[in-house]
Amino acid sequence: GAAPRRRALRRERPMAAAVLATARARMTTRRPRGRLTLIEALTLLVAVVVLIAVGVPLWRSHELDSRRAEAQEYLEALQKAQDAYFGAHARYADGTALHAAPPQGLGLRAESPAGYFAVEIELSADGLGFVARARGVDKPDRRPDARCAEFRIDHQGRRTASNADGADTTADCWRNRRRTCGHSFWHWRS
């Protein structure tokens, strides 16, 4: 049957048999470990570039959301401290009372906890109203948030925000937040 034919083929065509043997040997040999082919290296490079292209904007967005949340939480804490001060003094505290410990002051710093925003208080002439502003701090290692450059809260709890040009961006910057499951992080609602 088939075995005598193969033997005959080998005798008649020794070159074809040698080529088949060489091809078979190449298919079964492995390349050295740790070396990539050009196609594998290019595929890996494309995958890394795609991950960077997607990851960097997501990280920047997360960073801006964190900074904005910090400003909002700080201004809300300032409003609560102002309400307590008003209860004790029948007027709101001005910027000089920001650092003083309660009940003589608000017991807060002039910057948000991570230092992304500087806070100032503008008091009405009669002391019965205030507007607190948190403005982004421009530092060499941080790019300022041009979209939400300033957050404001007043004695009635009105929240406003503006971009670097002064245009109103309240709807984009002050988002409704809610706590879930008792965790200390905030979840955003659109």
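Which residue in S3 stands opposite Val131? In this predicted model, the residue facing Val131 is Asp154 of S3. The pair belongs to an antiparallel sheet, and the account below starts from the overall fold before returning to that sheet and to the charged side chains around it.

The secondary structure of the protein comprises four helices and six strands. Read from the N terminus, the elements follow the order α-α-α-β-β-β-β-α-β-β. Of the 190 residues of the protein, 28% count as buried. The accessible surface comes to about 13,300 Å², and carbon and sulfur atoms contribute 58% of that area. Among the contacts in the protein with a separation of 6 or more, 41% involve residues 24 or more positions apart.

Four strands make up an open sheet with the order S1-S2-S3-S4 and antiparallel pairing. Strand S1 (117-123) and strand S4 (159-162) are the edge strands, each pairing on one side only. From one strand to the next, the twist averages 20°. Strands of a sheet pair through backbone hydrogen bonds, in either a parallel or an antiparallel arrangement. S1 and S2 run antiparallel and are joined by seven bridges. Across this pairing, Glu120 stands opposite Arg133 in S2, and Ile121 stands opposite Ala132 in S2. The hairpin of S1 and S2 has six residues between the strands, and Gly127 in this hairpin takes a positive phi near 75°. S2 also pairs with S3, again in the antiparallel sense, over five bridges. The facing residues Val131 and Asp154 come from this part of the sheet, with Asp154 in S3. Helix H3 lies across S1, S2, S3 and S4 and runs at about 20° to S3.

Helix H3 spans residues 38-89 and includes Val48. Val48 is partly exposed, with a relative accessible area of 39%. Together with Leu36, Leu44, Ile52 and Val56, Val48 forms a nonpolar patch on the surface, for which the combined accessible area is about 470 Å². Val48 qualifies for the patch on accessibility because its 39% is above the 30% that membership requires.

A search of the whole structure finds twelve salt bridges. Side chains of opposite charge can pair when their charged atoms come close. One of the salt bridges joins the side chains of Asp65 and Arg68, with an N to O distance of 3.9 Å. Asp65 and Arg68 are three residues apart in helix H3, so about one helical turn separates them. Arg68 counts as buried because its relative accessibility is 11%, under the 20% cut-off.

Another salt bridge is formed by Asp172 and Arg147, whose closest N and O atoms are 1.9 Å apart. Asp172 lies in helix H4 (residues 170-173), whereas Arg147 lies in the loop between strand S2 (130-136) and strand S3 (150-154), so the pair ties together parts that are 25 residues apart in sequence. Both members are partly exposed: Asp172 has a relative accessible area of 33%, and Arg147 has one of 41%.

Asp154, the residue opposite Val131, also takes part in a salt bridge, in which its side chain meets that of Arg158 at 2.7 Å, N to O. Asp154 is buried, with a relative accessible area of 7%. Beyond these pairs, Glu120, Glu122, Arg133, Arg135, Glu150 and Arg152 are linked in a network of salt bridges. Two members of the network, Glu120 and Arg133, are the residues that face each other across S1 and S2.

The loop between H3 and S1 contains two backbone features of note. Ala90 lies in this loop and has a positive phi of about 60° although it is not a glycine. Ala90 is exposed, with a relative accessible area of 54%. Pro103 lies in the loop between H3 and S1 as well, and the peptide bond from Pro102 to Pro103 is cis, with omega near 5°.

Conventions:
Residues are numbered from 1 along each chain as its sequence is written. This is a predicted model: local features need pLDDT of at least 70, side-chain atom pairs count only at pLDDT 80 or more; totals for chains, interfaces and linings use all residues. Side-chain values use heavy atoms; hydrogens and water are left out. Patches are made of residues with over 30% relative accessible area and no salt bridge: like charges are joined within 9 Å, nonpolar side chains (Val, Leu, Ile, Met, Phe, Trp, Tyr) within 5 Å. Accessible areas come from the Shrake-Rupley method with a 1.4 Å probe; for residues, only the protein chains shown count as cover. A salt bridge is a side-chain nitrogen of Lys or Arg within 4 Å of a carboxyl oxygen of Asp or Glu. Buried means under 20% relative accessible area, exposed over 50%, partly exposed in between (1.4 Å probe, protein chains only). Two strands pair if DSSP finds at least two bridges between them. Axes are lines fitted to C-alpha atoms, for helices over the stretch in contact, and angles run from 0 to 180 degrees between N-to-C directions. Contact means heavy atoms within 4.5 Å.
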